[in-house]
Amino acid sequence: MIDTTKKNNRLASAALILWAGLAAAWVGGWPMVGAAWLLRSVVLLAGIGVALGVTFLVRRQRQLERQLISAHLDALCHIAPQTTEPVDPPAPTCLPADTPWKDVLARVGQTIVGLCHHMEDMAHARTASEVRYRREAAEAERLKETLAALADPILAIDGYDRLVLANPSAEALFHLEADRPEAQTLTDALDCQRLVQLLVSTRQRKVTGNRTDELELTDSQGRNRCYRATARKLDGADGGPGGAVAVLRDIADQKAMQKRNAEFVSSVSHEMKTPLAGIKAYVELLADGDAEDEQTREEFLGVINGQADRLQRLVDNLLNLARIEAGVVQVSKQPRSLNELLDEALRVVQPSAEAKQIELRGELSQLYLGVLADRDMLMQAAINLLSNAVKYTPSGGRVTLRSRMADQEIRFEVQDTGVGLSEEDRDRVFEKFYRVQKDKQMAAGTGLGLPLAKHIIEDVHGGRLAVESTLGQGSTFIVTLPSAGQMRSEG
(Lines give C-alpha, C1' and ligand atoms only; values in the text may rest on other atoms or scores of the structure.)
Protein backbone atom coordinates (compact mmCIF):
# COMPACT_ATOMS: atom_id res chain seq x y z
CA MET A 1 0.00 0.00 0.00
CA ILE A 2 2.97 2.27 0.62
CA ASP A 3 4.19 1.73 -2.96
CA THR A 4 0.71 2.29 -4.37
CA THR A 5 0.34 5.49 -2.41
CA LYS A 6 3.74 6.72 -3.60
CA LYS A 7 2.88 5.82 -7.17
CA ASN A 8 -0.41 7.62 -6.94
CA ASN A 9 1.30 10.63 -5.47
CA ARG A 10 3.97 10.62 -8.20
CA LEU A 11 1.28 10.15 -10.88
CA ALA A 12 -0.72 13.04 -9.50
CA SER A 13 2.43 15.22 -9.35
CA ALA A 14 3.41 14.29 -12.94
CA ALA A 15 -0.10 15.04 -14.19
CA LEU A 16 -0.07 18.38 -12.50
CA ILE A 17 3.38 19.20 -13.90
CA LEU A 18 2.24 18.08 -17.34
CA TRP A 19 -0.87 20.14 -17.10
CA ALA A 20 1.13 23.13 -15.90
CA GLY A 21 3.59 22.73 -18.83
CA LEU A 22 0.86 22.39 -21.35
CA ALA A 23 -0.89 25.39 -19.92
CA ALA A 24 2.34 27.42 -20.16
CA ALA A 25 2.91 26.22 -23.73
CA TRP A 26 -0.59 27.05 -24.70
CA VAL A 27 -0.39 30.47 -23.19
CA GLY A 28 2.95 31.04 -24.88
CA GLY A 29 1.57 30.05 -28.30
CA TRP A 30 -1.72 31.88 -27.96
CA PRO A 31 -1.14 34.31 -30.77
CA MET A 32 -0.69 31.44 -33.23
CA VAL A 33 -3.51 30.45 -35.49
CA GLY A 34 -4.41 27.42 -37.51
CA ALA A 35 -3.82 23.72 -36.77
CA ALA A 36 -1.10 24.26 -34.19
CA TRP A 37 -3.39 26.22 -32.02
CA LEU A 38 -6.05 23.55 -32.25
CA LEU A 39 -3.59 20.78 -31.36
CA ARG A 40 -2.33 22.68 -28.39
CA SER A 41 -5.88 23.20 -27.20
CA VAL A 42 -6.66 19.50 -27.48
CA VAL A 43 -3.50 18.53 -25.62
CA LEU A 44 -4.21 21.12 -22.97
CA LEU A 45 -7.69 19.82 -22.44
CA ALA A 46 -6.45 16.25 -22.33
CA GLY A 47 -3.83 17.16 -19.74
CA ILE A 48 -6.43 18.89 -17.66
CA GLY A 49 -8.69 15.81 -17.86
CA VAL A 50 -5.87 13.43 -16.89
CA ALA A 51 -4.81 15.66 -13.99
CA LEU A 52 -8.37 15.85 -12.73
CA GLY A 53 -8.83 12.08 -13.12
CA VAL A 54 -5.64 11.23 -11.24
CA THR A 55 -6.52 13.74 -8.54
CA PHE A 56 -9.96 12.17 -8.17
CA LEU A 57 -8.52 8.66 -7.97
CA VAL A 58 -5.99 9.69 -5.29
CA ARG A 59 -8.67 11.38 -3.23
CA ARG A 60 -10.94 8.37 -3.65
CA GLN A 61 -8.18 6.01 -2.52
CA ARG A 62 -7.45 8.13 0.54
CA GLN A 63 -11.17 8.28 1.44
CA LEU A 64 -11.46 4.47 1.16
CA GLU A 65 -8.36 4.03 3.31
CA ARG A 66 -9.78 6.34 5.99
CA GLN A 67 -13.01 4.31 5.99
CA LEU A 68 -11.08 1.05 6.39
CA ILE A 69 -9.01 2.49 9.24
CA SER A 70 -12.17 3.77 10.98
CA ALA A 71 -13.84 0.37 10.60
CA HIS A 72 -10.73 -1.36 11.95
CA LEU A 73 -10.54 0.99 14.93
CA ASP A 74 -14.25 0.42 15.59
CA ALA A 75 -13.64 -3.34 15.55
CA LEU A 76 -10.77 -2.91 18.02
CA CYS A 77 -13.06 -0.95 20.31
CA HIS A 78 -15.34 -4.01 20.54
CA ILE A 79 -12.65 -6.47 21.63
CA ALA A 80 -13.95 -8.56 24.57
CA PRO A 81 -11.83 -8.87 27.77
CA GLN A 82 -11.59 -12.65 27.18
CA THR A 83 -9.88 -12.12 23.80
CA THR A 84 -6.27 -13.24 23.86
CA GLU A 85 -5.35 -11.58 20.54
CA PRO A 86 -6.97 -8.82 18.50
CA VAL A 87 -9.41 -10.15 15.88
CA ASP A 88 -9.32 -8.64 12.40
CA PRO A 89 -12.56 -7.08 11.19
CA PRO A 90 -14.65 -8.87 8.52
CA ALA A 91 -13.44 -8.97 4.93
CA PRO A 92 -15.03 -5.71 3.73
CA THR A 93 -13.17 -3.81 6.41
CA CYS A 94 -9.83 -5.64 6.26
CA LEU A 95 -6.86 -3.43 5.59
CA PRO A 96 -4.63 -4.22 2.65
CA ALA A 97 -1.38 -5.91 3.52
CA ASP A 98 0.72 -2.99 2.27
CA THR A 99 -1.05 -0.25 4.25
CA PRO A 100 1.30 1.72 6.53
CA TRP A 101 -1.36 1.67 9.25
CA LYS A 102 -1.54 -2.13 9.65
CA ASP A 103 1.37 -2.46 12.12
CA VAL A 104 0.25 0.56 14.09
CA LEU A 105 -3.27 -0.77 14.40
CA ALA A 106 -1.94 -4.22 15.36
CA ARG A 107 0.03 -2.69 18.20
CA VAL A 108 -3.02 -0.72 19.24
CA GLY A 109 -5.02 -3.97 19.25
CA GLN A 110 -2.41 -5.75 21.38
CA THR A 111 -2.41 -2.83 23.79
CA ILE A 112 -6.19 -2.92 24.07
CA VAL A 113 -6.13 -6.69 24.64
CA GLY A 114 -3.49 -6.23 27.34
CA LEU A 115 -5.58 -3.55 29.00
CA CYS A 116 -8.62 -5.85 28.85
CA HIS A 117 -6.63 -8.63 30.50
CA HIS A 118 -5.41 -6.24 33.16
CA MET A 119 -8.94 -5.03 33.79
CA GLU A 120 -10.12 -8.64 34.03
CA ASP A 121 -7.35 -9.44 36.53
CA MET A 122 -8.28 -6.36 38.51
CA ALA A 123 -11.94 -7.46 38.51
CA HIS A 124 -10.95 -10.93 39.77
CA ALA A 125 -8.74 -9.38 42.44
CA ARG A 126 -11.56 -7.07 43.50
CA THR A 127 -13.99 -10.02 43.69
CA ALA A 128 -11.50 -12.00 45.78
CA SER A 129 -10.94 -9.00 48.04
CA GLU A 130 -14.69 -8.56 48.50
CA VAL A 131 -15.03 -12.25 49.40
CA ARG A 132 -12.18 -11.99 51.90
CA TYR A 133 -13.67 -8.81 53.32
CA ARG A 134 -17.10 -10.39 53.76
CA ARG A 135 -15.54 -13.48 55.33
CA GLU A 136 -13.42 -11.43 57.72
CA ALA A 137 -16.38 -9.16 58.51
CA ALA A 138 -18.52 -12.19 59.32
CA GLU A 139 -15.71 -13.64 61.44
CA ALA A 140 -15.31 -10.34 63.26
CA GLU A 141 -19.07 -10.20 63.87
CA ARG A 142 -19.08 -13.76 65.25
CA LEU A 143 -16.13 -12.90 67.47
CA LYS A 144 -17.91 -9.77 68.67
CA GLU A 145 -21.07 -11.76 69.47
CA THR A 146 -19.02 -14.40 71.26
CA LEU A 147 -17.23 -11.82 73.39
CA ALA A 148 -20.55 -10.12 74.14
CA ALA A 149 -22.02 -13.43 75.31
CA LEU A 150 -19.17 -14.15 77.73
CA ALA A 151 -19.88 -13.36 81.36
CA ASP A 152 -16.17 -12.93 82.10
CA PRO A 153 -14.87 -9.37 81.54
CA ILE A 154 -12.21 -9.18 78.79
CA LEU A 155 -9.86 -6.26 78.11
CA ALA A 156 -7.13 -5.81 75.49
CA ILE A 157 -4.52 -3.12 74.86
CA ASP A 158 -2.27 -2.44 71.89
CA GLY A 159 1.48 -1.90 71.85
CA TYR A 160 1.04 1.70 73.01
CA ASP A 161 -1.07 0.94 76.10
CA ARG A 162 -4.29 2.05 74.44
CA LEU A 163 -7.51 0.24 75.27
CA VAL A 164 -8.66 -1.39 72.02
CA LEU A 165 -11.17 -3.99 73.23
CA ALA A 166 -13.62 -4.36 76.09
CA ASN A 167 -16.60 -6.70 75.99
CA PRO A 168 -19.95 -5.67 77.54
CA SER A 169 -19.12 -7.44 80.83
CA ALA A 170 -15.95 -5.37 81.15
CA GLU A 171 -17.80 -2.19 80.18
CA ALA A 172 -20.37 -2.80 82.92
CA LEU A 173 -17.75 -3.70 85.54
CA PHE A 174 -15.48 -0.72 84.87
CA HIS A 175 -18.24 1.73 83.85
CA LEU A 176 -16.82 2.18 80.34
CA GLU A 177 -18.71 3.94 77.58
CA ALA A 178 -19.56 1.85 74.52
CA ASP A 179 -18.58 4.72 72.17
CA ARG A 180 -15.33 5.54 73.96
CA PRO A 181 -12.45 7.06 71.90
CA GLU A 182 -10.31 4.49 70.09
CA ALA A 183 -7.07 6.14 71.20
CA GLN A 184 -8.05 6.23 74.89
CA THR A 185 -5.16 5.20 77.08
CA LEU A 186 -5.55 2.43 79.62
CA THR A 187 -4.83 4.69 82.58
CA ASP A 188 -7.57 7.10 81.47
CA ALA A 189 -10.10 4.30 80.96
CA LEU A 190 -9.57 2.27 84.15
CA ASP A 191 -9.30 3.31 87.77
CA CYS A 192 -7.95 -0.09 88.89
CA GLN A 193 -4.21 0.47 89.22
CA ARG A 194 -3.38 -3.18 89.83
CA LEU A 195 -5.10 -4.27 86.61
CA VAL A 196 -3.39 -1.47 84.67
CA GLN A 197 -0.02 -2.55 86.04
CA LEU A 198 -0.75 -6.20 85.22
CA LEU A 199 -1.58 -5.44 81.58
CA VAL A 200 1.32 -3.04 81.04
CA SER A 201 3.89 -5.32 82.67
CA THR A 202 2.60 -8.27 80.64
CA ARG A 203 2.91 -6.27 77.41
CA GLN A 204 6.47 -5.27 78.26
CA ARG A 205 7.65 -8.83 78.82
CA LYS A 206 10.11 -10.30 76.34
CA VAL A 207 8.46 -13.71 76.25
CA THR A 208 4.85 -14.82 76.08
CA GLY A 209 3.22 -16.39 79.10
CA ASN A 210 0.36 -15.94 81.51
CA ARG A 211 0.45 -13.69 84.54
CA THR A 212 -2.28 -13.69 87.18
CA ASP A 213 -3.42 -11.48 90.00
CA GLU A 214 -6.44 -11.38 92.29
CA LEU A 215 -8.45 -8.17 92.34
CA GLU A 216 -11.28 -6.99 94.55
CA LEU A 217 -13.68 -4.84 92.53
CA THR A 218 -17.13 -3.34 92.94
CA ASP A 219 -19.64 -4.58 90.35
CA SER A 220 -22.50 -2.64 88.75
CA GLN A 221 -24.81 -3.54 91.70
CA GLY A 222 -22.35 -2.08 94.19
CA ARG A 223 -21.25 -5.46 95.55
CA ASN A 224 -17.63 -6.26 96.29
CA ARG A 225 -16.51 -9.13 94.08
CA CYS A 226 -13.24 -10.99 93.90
CA TYR A 227 -11.76 -11.62 90.43
CA ARG A 228 -8.76 -13.57 89.21
CA ALA A 229 -7.21 -11.67 86.28
CA THR A 230 -5.16 -13.70 83.78
CA ALA A 231 -3.10 -11.62 81.32
CA ARG A 232 -1.18 -12.77 78.25
CA LYS A 233 1.11 -10.97 75.82
CA LEU A 234 -0.04 -10.64 72.19
CA ASP A 235 2.22 -10.59 69.12
CA GLY A 236 2.34 -7.32 67.22
CA ALA A 237 1.20 -7.01 63.60
CA ASP A 238 3.88 -6.54 60.89
CA GLY A 239 6.67 -6.62 63.44
CA GLY A 240 5.19 -3.78 65.51
CA PRO A 241 4.96 -3.74 69.31
CA GLY A 242 2.62 -6.35 70.73
CA GLY A 243 -0.27 -5.73 73.10
CA ALA A 244 -1.83 -7.75 75.92
CA VAL A 245 -5.20 -9.23 76.82
CA ALA A 246 -6.67 -9.90 80.27
CA VAL A 247 -9.56 -12.17 81.23
CA LEU A 248 -11.21 -11.63 84.62
CA ARG A 249 -12.96 -14.58 86.25
CA ASP A 250 -15.32 -14.10 89.16
CA ILE A 251 -14.02 -16.26 92.01
CA ALA A 252 -16.29 -14.91 94.73
CA ASP A 253 -18.17 -18.22 94.90
CA GLN A 254 -14.90 -20.10 94.94
CA LYS A 255 -13.62 -17.93 97.76
CA ALA A 256 -16.87 -18.46 99.65
CA MET A 257 -16.56 -22.20 99.09
CA GLN A 258 -12.99 -22.16 100.37
CA LYS A 259 -14.14 -20.23 103.40
CA ARG A 260 -16.99 -22.67 104.03
CA ASN A 261 -14.64 -25.62 103.63
CA ALA A 262 -12.20 -24.07 106.07
CA GLU A 263 -15.01 -23.46 108.54
CA PHE A 264 -16.25 -27.00 107.97
CA VAL A 265 -12.83 -28.49 108.68
CA SER A 266 -12.45 -26.26 111.72
CA SER A 267 -15.88 -27.27 113.02
CA VAL A 268 -15.25 -30.97 112.44
CA SER A 269 -11.91 -30.70 114.18
CA HIS A 270 -13.52 -28.89 117.09
CA GLU A 271 -16.37 -31.38 117.38
CA MET A 272 -13.97 -34.32 117.27
CA LYS A 273 -11.54 -32.71 119.65
CA THR A 274 -14.04 -32.57 122.52
CA PRO A 275 -14.88 -36.32 122.74
CA LEU A 276 -11.30 -37.30 121.99
CA ALA A 277 -10.06 -35.05 124.78
CA GLY A 278 -12.57 -36.64 127.19
CA ILE A 279 -11.58 -40.14 126.16
CA LYS A 280 -7.88 -39.35 126.51
CA ALA A 281 -8.36 -37.74 129.92
CA TYR A 282 -10.24 -40.66 131.41
CA VAL A 283 -7.89 -43.18 129.86
CA GLU A 284 -4.99 -41.36 131.52
CA LEU A 285 -6.86 -41.46 134.81
CA LEU A 286 -7.31 -45.18 134.47
CA ALA A 287 -3.68 -45.63 133.47
CA ASP A 288 -2.48 -43.61 136.45
CA GLY A 289 -4.56 -45.75 138.82
CA ASP A 290 -6.84 -42.95 139.95
CA ALA A 291 -9.82 -45.33 139.80
CA GLU A 292 -9.16 -47.27 142.94
CA ASP A 293 -12.53 -48.98 143.25
CA GLU A 294 -14.79 -50.79 140.80
CA GLN A 295 -17.49 -48.13 140.92
CA THR A 296 -15.07 -45.37 139.89
CA ARG A 297 -13.70 -47.51 137.09
CA GLU A 298 -17.21 -48.18 135.88
CA GLU A 299 -17.92 -44.46 135.97
CA PHE A 300 -14.77 -43.67 133.97
CA LEU A 301 -15.53 -46.38 131.44
CA GLY A 302 -19.08 -45.07 131.10
CA VAL A 303 -17.78 -41.60 130.29
CA ILE A 304 -15.32 -43.05 127.79
CA ASN A 305 -18.08 -45.12 126.20
CA GLY A 306 -20.38 -42.08 125.98
CA GLN A 307 -17.71 -39.95 124.33
CA ALA A 308 -16.92 -42.78 121.93
CA ASP A 309 -20.63 -43.00 121.03
CA ARG A 310 -20.70 -39.24 120.46
CA LEU A 311 -17.69 -39.51 118.19
CA GLN A 312 -19.32 -42.42 116.35
CA ARG A 313 -22.51 -40.41 115.80
CA LEU A 314 -20.46 -37.52 114.46
CA VAL A 315 -18.63 -39.77 112.00
CA ASP A 316 -21.88 -41.46 110.93
CA ASN A 317 -23.57 -38.11 110.32
CA LEU A 318 -20.61 -36.87 108.32
CA LEU A 319 -20.60 -40.01 106.20
CA ASN A 320 -24.35 -39.79 105.62
CA LEU A 321 -24.07 -36.15 104.57
CA ALA A 322 -21.16 -36.93 102.27
CA ARG A 323 -23.02 -39.82 100.63
CA ILE A 324 -26.18 -37.79 100.10
CA GLU A 325 -24.31 -34.78 98.68
CA ALA A 326 -22.25 -37.03 96.40
CA GLY A 327 -25.39 -38.86 95.22
CA VAL A 328 -23.98 -42.31 96.06
CA VAL A 329 -26.26 -43.13 98.98
CA GLN A 330 -28.30 -46.30 98.55
CA VAL A 331 -31.96 -45.27 98.45
CA SER A 332 -34.83 -47.75 98.50
CA LYS A 333 -38.07 -45.87 97.91
CA GLN A 334 -41.38 -47.67 98.29
CA PRO A 335 -44.98 -46.54 98.90
CA ARG A 336 -45.34 -46.21 102.64
CA SER A 337 -47.72 -44.77 105.23
CA LEU A 338 -46.28 -41.54 106.57
CA ASN A 339 -48.25 -41.85 109.82
CA GLU A 340 -46.66 -45.24 110.58
CA LEU A 341 -43.17 -43.75 110.16
CA LEU A 342 -44.02 -40.74 112.32
CA ASP A 343 -45.59 -42.91 115.01
CA GLU A 344 -42.41 -44.99 115.23
CA ALA A 345 -40.28 -41.82 115.41
CA LEU A 346 -42.42 -40.66 118.34
CA ARG A 347 -41.74 -43.90 120.21
CA VAL A 348 -37.96 -43.52 119.63
CA VAL A 349 -37.84 -39.96 121.03
CA GLN A 350 -40.34 -40.55 123.86
CA PRO A 351 -37.73 -41.62 126.49
CA SER A 352 -35.61 -38.47 126.05
CA ALA A 353 -38.76 -36.31 126.28
CA GLU A 354 -39.85 -38.02 129.48
CA ALA A 355 -36.37 -37.54 130.94
CA LYS A 356 -36.83 -33.75 130.55
CA GLN A 357 -40.47 -33.85 131.61
CA ILE A 358 -41.58 -32.62 128.19
CA GLU A 359 -44.98 -33.54 126.80
CA LEU A 360 -44.52 -35.27 123.42
CA ARG A 361 -47.85 -35.17 121.61
CA GLY A 362 -48.80 -36.78 118.29
CA GLU A 363 -51.66 -35.23 116.27
CA LEU A 364 -51.55 -37.42 113.19
CA SER A 365 -54.16 -37.29 110.44
CA GLN A 366 -56.89 -39.92 110.34
CA LEU A 367 -56.41 -40.15 106.55
CA TYR A 368 -54.00 -42.49 104.87
CA LEU A 369 -51.01 -40.37 103.84
CA GLY A 370 -49.08 -42.34 101.26
CA VAL A 371 -45.52 -41.28 100.40
CA LEU A 372 -42.85 -42.80 98.18
CA ALA A 373 -40.01 -42.88 100.68
CA ASP A 374 -36.96 -44.65 101.99
CA ARG A 375 -38.23 -45.84 105.37
CA ASP A 376 -35.01 -45.56 107.38
CA MET A 377 -33.90 -42.24 105.94
CA LEU A 378 -37.25 -40.46 106.25
CA MET A 379 -37.69 -41.77 109.82
CA GLN A 380 -34.15 -40.55 110.60
CA ALA A 381 -35.13 -37.07 109.40
CA ALA A 382 -38.26 -37.09 111.60
CA ILE A 383 -36.24 -38.31 114.62
CA ASN A 384 -33.67 -35.54 114.08
CA LEU A 385 -36.40 -32.88 114.01
CA LEU A 386 -38.12 -34.28 117.13
CA SER A 387 -34.82 -34.66 119.02
CA ASN A 388 -33.84 -31.09 118.15
CA ALA A 389 -37.19 -29.83 119.46
CA VAL A 390 -36.79 -31.79 122.71
CA LYS A 391 -33.23 -30.51 123.21
CA TYR A 392 -34.17 -26.84 122.99
CA THR A 393 -37.45 -26.98 124.90
CA PRO A 394 -37.20 -26.31 128.65
CA SER A 395 -38.63 -28.80 131.16
CA GLY A 396 -42.41 -28.69 131.33
CA GLY A 397 -42.70 -27.66 127.70
CA ARG A 398 -44.49 -29.37 124.84
CA VAL A 399 -43.46 -30.84 121.46
CA THR A 400 -46.22 -31.62 118.97
CA LEU A 401 -45.97 -33.72 115.80
CA ARG A 402 -48.76 -33.15 113.24
CA SER A 403 -49.52 -34.56 109.79
CA ARG A 404 -52.13 -33.58 107.18
CA MET A 405 -52.90 -33.25 103.49
CA ALA A 406 -52.11 -29.91 101.84
CA ASP A 407 -53.57 -29.72 98.34
CA GLN A 408 -51.77 -32.43 96.37
CA GLU A 409 -48.91 -32.66 98.87
CA ILE A 410 -48.40 -34.19 102.30
CA ARG A 411 -47.14 -32.14 105.19
CA PHE A 412 -45.94 -32.88 108.71
CA GLU A 413 -44.81 -30.37 111.33
CA VAL A 414 -42.75 -30.46 114.49
CA GLN A 415 -43.82 -27.64 116.81
CA ASP A 416 -42.22 -26.86 120.16
CA THR A 417 -42.57 -24.31 122.93
CA GLY A 418 -38.83 -23.88 123.25
CA VAL A 419 -36.42 -20.96 123.14
CA GLY A 420 -37.09 -20.04 119.49
CA LEU A 421 -34.74 -18.54 116.89
CA SER A 422 -33.75 -15.04 115.90
CA GLU A 423 -33.95 -13.93 112.26
CA GLU A 424 -30.23 -14.51 111.75
CA ASP A 425 -30.41 -17.96 113.34
CA ARG A 426 -33.36 -18.92 111.10
CA ASP A 427 -31.28 -18.15 108.03
CA ARG A 428 -28.34 -20.29 109.18
CA VAL A 429 -29.91 -23.07 111.24
CA PHE A 430 -29.51 -25.61 108.38
CA GLU A 431 -25.79 -24.94 107.92
CA LYS A 432 -23.39 -27.69 108.91
CA PHE A 433 -22.09 -27.37 112.48
CA TYR A 434 -24.04 -24.17 113.05
CA ARG A 435 -25.29 -23.90 116.59
CA VAL A 436 -27.07 -20.98 118.22
CA GLN A 437 -24.53 -19.38 120.52
CA LYS A 438 -26.95 -18.52 123.30
CA ASP A 439 -28.36 -22.08 123.43
CA LYS A 440 -25.13 -24.10 123.38
CA GLN A 441 -25.33 -24.78 127.10
CA MET A 442 -28.83 -26.26 126.84
CA ALA A 443 -27.80 -29.44 125.02
CA ALA A 444 -24.79 -31.13 123.51
CA GLY A 445 -24.75 -31.70 119.77
CA THR A 446 -22.72 -31.74 116.59
CA GLY A 447 -24.76 -29.25 114.56
CA LEU A 448 -25.37 -31.89 111.86
CA GLY A 449 -28.87 -33.10 112.73
CA LEU A 450 -30.83 -30.37 110.94
CA PRO A 451 -28.55 -30.24 107.85
CA LEU A 452 -28.86 -34.03 107.55
CA ALA A 453 -32.66 -33.83 107.82
CA LYS A 454 -32.76 -31.13 105.13
CA HIS A 455 -30.65 -33.23 102.75
CA ILE A 456 -32.83 -36.31 103.32
CA ILE A 457 -36.08 -34.42 102.74
CA GLU A 458 -35.04 -32.20 99.82
CA ASP A 459 -32.26 -34.05 97.98
CA VAL A 460 -33.46 -37.63 98.52
CA HIS A 461 -37.25 -37.25 98.61
CA GLY A 462 -37.78 -34.06 96.56
CA GLY A 463 -39.58 -32.24 99.36
CA ARG A 464 -39.10 -28.99 101.25
CA LEU A 465 -38.02 -28.20 104.81
CA ALA A 466 -38.68 -24.77 106.28
CA VAL A 467 -38.77 -23.22 109.75
CA GLU A 468 -41.01 -20.63 111.37
CA SER A 469 -39.86 -19.31 114.70
CA THR A 470 -40.25 -16.48 117.15
CA LEU A 471 -37.52 -15.80 119.66
CA GLY A 472 -38.65 -16.96 123.13
CA GLN A 473 -41.90 -18.51 121.85
CA GLY A 474 -40.80 -21.68 120.12
CA SER A 475 -40.27 -22.98 116.59
CA THR A 476 -42.16 -24.97 113.96
CA PHE A 477 -40.28 -27.08 111.39
CA ILE A 478 -42.51 -27.76 108.36
CA VAL A 479 -41.85 -30.70 106.01
CA THR A 480 -43.69 -30.89 102.68
CA LEU A 481 -43.49 -34.09 100.60
CA PRO A 482 -45.07 -35.11 97.29
CA SER A 483 -47.73 -37.78 97.70
CA ALA A 484 -47.16 -41.28 96.37
CA GLY A 485 -49.87 -40.74 93.72
CA GLN A 486 -48.26 -37.50 92.54
CA MET A 487 -44.83 -39.17 92.29
CA ARG A 488 -46.27 -42.01 90.18
CA SER A 489 -48.06 -39.61 87.82
CA GLU A 490 -44.89 -37.57 87.33
CA GLY A 491 -42.85 -40.69 86.80
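Two strands count as paired if DSSP finds at least two bridges between them. Keep that in mind while we walk through this predicted model.

**The β11 and β12 hairpin**

Let's start with a turn. The hairpin of β11 and β12 has 3 residues between the strands, and glycine 472 takes a positive phi near 85° there. The two strands run antiparallel and are joined by 7 bridges. β12 also pairs with β10, again in the antiparallel sense and over 7 bridges. Here are two of the bridge partners, plus one from another part of the model:

| Residue | Bridge partner or opposite residue | Strand of the partner |
|---|---|---|
| glutamate 468 | threonine 476 | β12 |
| glutamine 415 | threonine 476 | β12 |
| isoleucine 157 | leucine 163 | β2 |

So which way do the residues of β12 point, and are they buried or exposed? Gly474, Thr476, Ile478, Thr480 and Pro482 point one way, while Ser475, Phe477, Val479 and Leu481 point the other way, and all are buried. In a regular strand, side chains alternate between the two faces of the sheet. Because 9 of the 9 residues of β12 are buried, this strand is largely enclosed by the rest of the structure.

**The cores**

β12 also helps build the largest nonpolar core, as one of the elements giving two or more residues to it. That core has 41 residues, and those with the most contacts inside it include Leu338, Leu385 and Phe412. Other contributing elements include α9, α10, β10 and β11. The largest share, 10 residues, comes from α10. For a closer look, take leucine 385: not counting residues up to four places away in sequence, it touches Phe412, Val414, Leu450, Ala453, Leu465, Phe477 and Val479. Apart from this core lies another, of 25 residues, among them Ala170, Cys192, Leu195 and Leu217. In soluble globular proteins, nonpolar side chains tend to be buried together.

**The five-stranded sheet**

Now for a sheet elsewhere in the chain. Its 5 strands form an open sheet in the order β2-β1-β5-β4-β3, with antiparallel pairing. Why do β2 and β3 each have one side without a neighbour in the sheet? They stand at the edges, each with a single partner strand, so one side of each is left free of a neighbour there. Neighbouring strands are turned by 20° against each other on average, direction ignored. β1 (residues 154-157) is joined to β2 by 3 bridges. Helix α6 (residues 193-203) packs on this sheet and touches β1, β3, β4 and β5. The direction of α6 makes about 165° with that of β3.

Technical notes: Residues numbered from 1 in each chain as written. Predicted model: local features only at pLDDT ≥ 70, side-chain atom pairs only at ≥ 80, totals over all residues. Heavy atoms only, no water. Helix = DSSP H or I, 4+ residues; strand = E, 2+ residues; numbered from the N terminus. Axes fitted to C-alpha atoms, helices over the stretch in contact; angles between N-to-C directions. Contact = heavy atoms within 4.5 Å. Core = buried A, V, L, I, M, F, W, Y, C linked by side-chain atoms within 4.5 Å. Buried < 20%, exposed > 50% of the residue type's maximum accessible area, 1.4 Å probe, protein only.
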